[in-house]
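Colleague: Please take a close look at one part of this model, the surroundings of a single side chain and its polar contact. Then set that part beside some other sites in the chain.

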Amino acid sequence: MQPSQRNKLRRPHAVTLPAYDEIGLVLQGGGALGSYQAGVYEGLAEVGVEPTRISGVSIGALNTAIIAGNAPSDRVEALRGFWATISQKADFFSQFSARIPAWPGLEDAKLRWWSAWAATRTLVEGQQGFFAPRVDVPFAGLVKKRPDQVSYYDTSALRETLLKYANFDRINNGNIRVSVGAVNVRTGNLVYFDNATMRLAPAHFIASGALPPGFPAVEIDGEFYWDGGLVSNTPLTEIVRESQHKDTLVFQVDLWSSRGKLPDNLLAVSERTKDIQYSSRTRAITAFMSQNQKHAQMIKALLEHIPENVRRTHPIVQEAQKTADGSAVNVVHLIYKNKAFEGHYKDYEFSKSTMGEHWASGLEDIRRSFGHPEWFDIPSRDVGFVTRDVHRYRPEVNEAIPPVKRVSPESESVTEKELS
């Protein structure tokens with residue numbers, strides 16, 4: 001997508017949100033799909049919406065580091081630099097095949113083949129600035145090693161990439177609350193590293209994305225940690241848990257869709273399994289919040305039968321009053337939708353053109369969401385919890401904000417400029 005073409009798009013004007021107590025950004029794990037989250041953040045930045053707290057897992061944790069580790073005016077460019085670094089340039093074979101016209105009706109098949117080749121290169125070569133194959137993998141079962149040495153790939157290059165694109169002093173001293181999830185390998189418990197309670201370093205973010213057996217465990221203070229997505233891939237609960245008595249707006253950016261087509265072959269089964277395994281549990285959280293709201297309404301009704309002087313003075317009754325007041329949580333849900341050319345390898349297909357495609361999808365989805373200003377009203381505390389999803393909205397007329405132009409392997413040189 002050329003810069004001149006992007007400037008012609010009718011972007012939303014600056015957005016004035018209601019007076020929420022918190023604006024949260026929740027970033028799910030999903031490997032190469034994570035540039036969709038970067039596109040969503042660009043859409044937030046262009047209308048002046050700044051999160052007060054970010055919670056991420058896996059690739060979402062890496063994007064969290066880049067966003068929180070830069071000044072608001074520098075975040076989008078830092079994200080571009082990060083994704084340009086870890087994205088894969090097309091080799092000669094890819095460039096040659098991309099110029100061969102596809103037979104009519106087989107365009108998606110050509111794109112799928114091209115994408116599969118890029119994913120194969122990732123498996124064999126690794127990704128620059130991210131991970132590299134270990135040479136001793138064939139002998140891994142014969143020699144006992146530390147948990148941080150047992151994996152197919154070495155992620156030591158990722159530390160330098162994070163330090164290049166994120167200022168960790170800013171992460172720890174800035175005005176954004178940051179939390180990233182990881183799993184303690186010894187206990188199996190999900191923990192959140194939070195800048196409100198500790199000083200965060202590159203290791204905390206790398207640990208959040210240490211998905212075995214591809215990536216090694218990361219040692220922090222004598223304990224070893226793996227990818228938080230093994231237990232919960234969507235850290236929405238980390239924000240909702242602390243939303244009591246607060247009006248909270250959450251932009252939840254998911255990379256896996258719980259809804260999908262029935263698989264018709266083994267590779268499709270593998271892809272659908274990942275979608276289900278790593279998709280968010282928003283519906284479960286919605287049910288939980290709804291139940292809490294019912295309890296709050298019951299408490300409120302019971303409090304009406306307690307004398308006023310007791311309500312004003314009794315500490316337990318005062319605590320009950322706080323619970324009865326409840327909270328108002330508004331979740332704007334942005335979910336990456338699978339493309340026809342993608343397969344079960346979509347989370348490790350790091351070609352620059354596909355990264356540009358993901359980015360454009362995220363930017364388009366958030367722009368369309370801002371096309372519905374009523375979605376951002378603070379919900380009534382009697383309701384308590386609402387969700388919005390642009391993909392489930394069916395307008396009767398065309399929306400005011402046009403889609404972002406898509407990209408393809410043939411336009412990779414343009415996409416590379418856009419990312420870099």
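**A polar contact and its surroundings**

Modeller: In this predicted model, the side chains of Glu 219 and Arg 146 make a polar contact at 2.7 Å. Glu 219 belongs to strand E7, which covers residues 218-220. With a relative accessible area of 37%, Glu 219 is partly exposed, because that class lies between the 20% limit for buried and the 50% limit for exposed. Once neighbours within four places in sequence are left aside, Glu 219 is in contact with Arg 146, Asp 148 and Phe 224. Asp 148 is 71 residues from Glu 219 in sequence, while their C-alpha atoms are 6.9 Å apart in space.

Another partly exposed residue is Val 231, at 47% relative accessibility. Val 231 sits in the loop that runs between strand E8 (223-227) and helix H10 (236-240). Together with Leu 211 and Leu 230, Val 231 forms a nonpolar surface patch, and the three have about 220 Å² of accessible area together.

Phe 251 offers a buried site for reference, with a relative accessibility of 1%. The residue is part of strand E9, residues 247-254. Setting aside neighbours within four places in sequence, Phe 251 has contacts that include Ile 23, Gly 24, Leu 25 and Val 26. Leu 44, Val 49, Leu 334 and Phe 376 are also among its contacts. Val 332 is in contact with Phe 251 too; these two residues are 81 apart in sequence, with a C-alpha to C-alpha distance of 4.9 Å.

Two further contacts of Phe 251 are Ile 366 and Phe 370, and helix H15 spans residues 352-370. H15 has 19 residues and reaches 27 Å from its first C-alpha to its last, close to the 27 Å expected at 1.5 Å a residue. Of the 19 residues of H15, 19 are buried, so the helix is largely enclosed by the rest of the structure.

Gln 37 is a polar residue to set beside Glu 219: Gln 37 is buried, at 2% relative accessible area, whereas Glu 219 is partly exposed. Helix H2, residues 35-46, holds Gln 37. Beyond its neighbours within four places in sequence, Gln 37 is in contact with Leu 27, Gln 28, Ile 59, Gly 60 and Asn 63, as well as Val 253 and Leu 255.

How values were computed: Residues are numbered from 1 along each chain as its sequence is written. This is a predicted model: local features need pLDDT of at least 70, side-chain atom pairs count only at pLDDT 80 or more; totals for chains, interfaces and linings use all residues. Side-chain values use heavy atoms; hydrogens and water are left out. Patches are made of residues with over 30% relative accessible area and no salt bridge: like charges are joined within 9 Å, nonpolar side chains (Val, Leu, Ile, Met, Phe, Trp, Tyr) within 5 Å. Accessible areas come from the Shrake-Rupley method with a 1.4 Å probe; for residues, only the protein chains shown count as cover. A salt bridge is a side-chain nitrogen of Lys or Arg within 4 Å of a carboxyl oxygen of Asp or Glu. Helices (H or I, at least four residues) and strands (E, at least two) are DSSP runs, numbered from the N terminus. Buried means under 20% relative accessible area, exposed over 50%, partly exposed in between (1.4 Å probe, protein chains only). The expected span of a helix is 1.5 Å times one less than its number of residues. Contact means heavy atoms within 4.5 Å. A polar contact is a pair of N or O atoms within 3.5 Å; within protein, one must be able to donate a hydrogen and the other to accept it, and residues adjacent in sequence count only if both atoms are side-chain atoms.
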